[in-house]
Amino acid sequence: MGSDTMAKSVSLPNGRFWKAQTAALDHFKDMLRRHEDEQIVEDYLDHDDLAALLERYDAVIVDGPAKIGPGIDYFFRRQNAGEGFSTPGFWIRRIDGSETDFSYIQAVRS
């Protein structure tokens, strides 16, 4: 992944567009930073951008079930904990009550 990769533009189904992946990554990183753990993303535009990003994710990441599932109730921030690490990330609460996380970084870069 050289500098050519980072120059790729990012276009979302809701009409949002960034000339470079780094700009899109910064947008979602700033959004994540504005929220506390377990805080619901209440801003309509933020929710709309996350929903569009999730559509992109489901369209390109095909090695698992669709993240949107039966539909999105809301997005929130939660710590993703693994062996030896803990990082904040976006989570989805679906209308059926189930929850899952998704990587905005993976969604942008796909």
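## A walk from helix H3 outwards

Start by selecting Asp-48, which sits in helix H3, residues 44-60. (Helices are DSSP runs of H or I with at least four residues, strands are E runs of at least two, and both are numbered from the N terminus.) Before you go on, note that this is a predicted model, where local features need pLDDT of at least 70, side-chain atom pairs count only at pLDDT 80 or more, and totals for chains, interfaces and linings use all residues. Residues are numbered from 1 along each chain as its sequence is written, and side-chain values use heavy atoms, with hydrogens and water left out.

Asp-48 is partly exposed, at a relative accessible area of 26%. (Buried is under 20%, exposed is over 50%, and partly exposed is in between, using a 1.4 Å probe and protein chains only.) Now add Lys-29 to the selection: Asp-48 and Lys-29 are 19 residues apart in sequence, and their C-alpha atoms are 15 Å apart in space.

**Select all of H3.** This helix has 17 residues and reaches 24 Å from first C-alpha to last, close to the 24 Å expected at 1.5 Å a residue. (The expected span is 1.5 Å times one less than the number of residues.) Its buried residues include Leu-50, Ala-51, Leu-53, Leu-54 and Tyr-57. What do the buried residues of H3 pack against? Look for strand E1 (10-11), H2, strand E3 (72-82), E4, strand E5 (99-102) and helix H4 (104-109); contact here means heavy atoms within 4.5 Å. At the N-terminal end of H3, zoom in on Asp-43, which caps the helix with a side-chain oxygen 3.0 Å from the backbone nitrogen of Leu-45.

**Hop over to H2.** Select residues 21-33: these 13 residues should span 18 Å at 1.5 Å a residue, and the end C-alpha atoms are indeed 18 Å apart. Colour Gln-21, Ala-24, Leu-25, His-27, Phe-28, Met-31 and Leu-32, the buried residues of H2. They cover an arc of only 155 degrees around the axis, so they lie on the same side of H2. (That arc is taken from the directions from the helix axis to the C-beta atoms.)

**Next, the salt bridges.** There are 7 of them, counting a side-chain nitrogen of Lys or Arg within 4 Å of a carboxyl oxygen of Asp or Glu. Try Asp-30 and Arg-33, whose closest N and O atoms are 2.9 Å apart. These two are 3 residues apart in H2, which means about one helical turn between them. Asp-30 is partly exposed at 35%, while Arg-33 is exposed at 56%.

Then pick Arg-34 and Asp-46, joined by a salt bridge at 2.5 Å, N to O. Arg-34 is in the loop between H2 and H3 and Asp-46 is in H3, so this pair ties together parts 12 residues apart in sequence. Asp-46 is buried at 7%; Arg-34 is partly exposed at 49%.

Another pair to click is Glu-99 and Arg-93, bridged at 3.0 Å, N to O. Shared partners join Glu-38, Arg-78, Arg-93 and Glu-99 into one salt-bridge network.

**Last stop: Arg-94.** You'll find Arg-94 in strand E4, residues 85-94. Which side chain of opposite charge is nearest to Arg-94? That is Asp-96, 5.2 Å away, and Arg-94 is buried yet has no salt bridge. (Lys and Arg count as positive, Asp and Glu as negative; His and the chain ends are not counted.) Instead, show the backbone oxygen of Lys-67, which the Arg-94 side chain reaches at 2.9 Å.

Definitions and conventions:
Polar contact = N/O pair within 3.5 Å; in protein donor to acceptor, adjacent residues only side chain to side chain.
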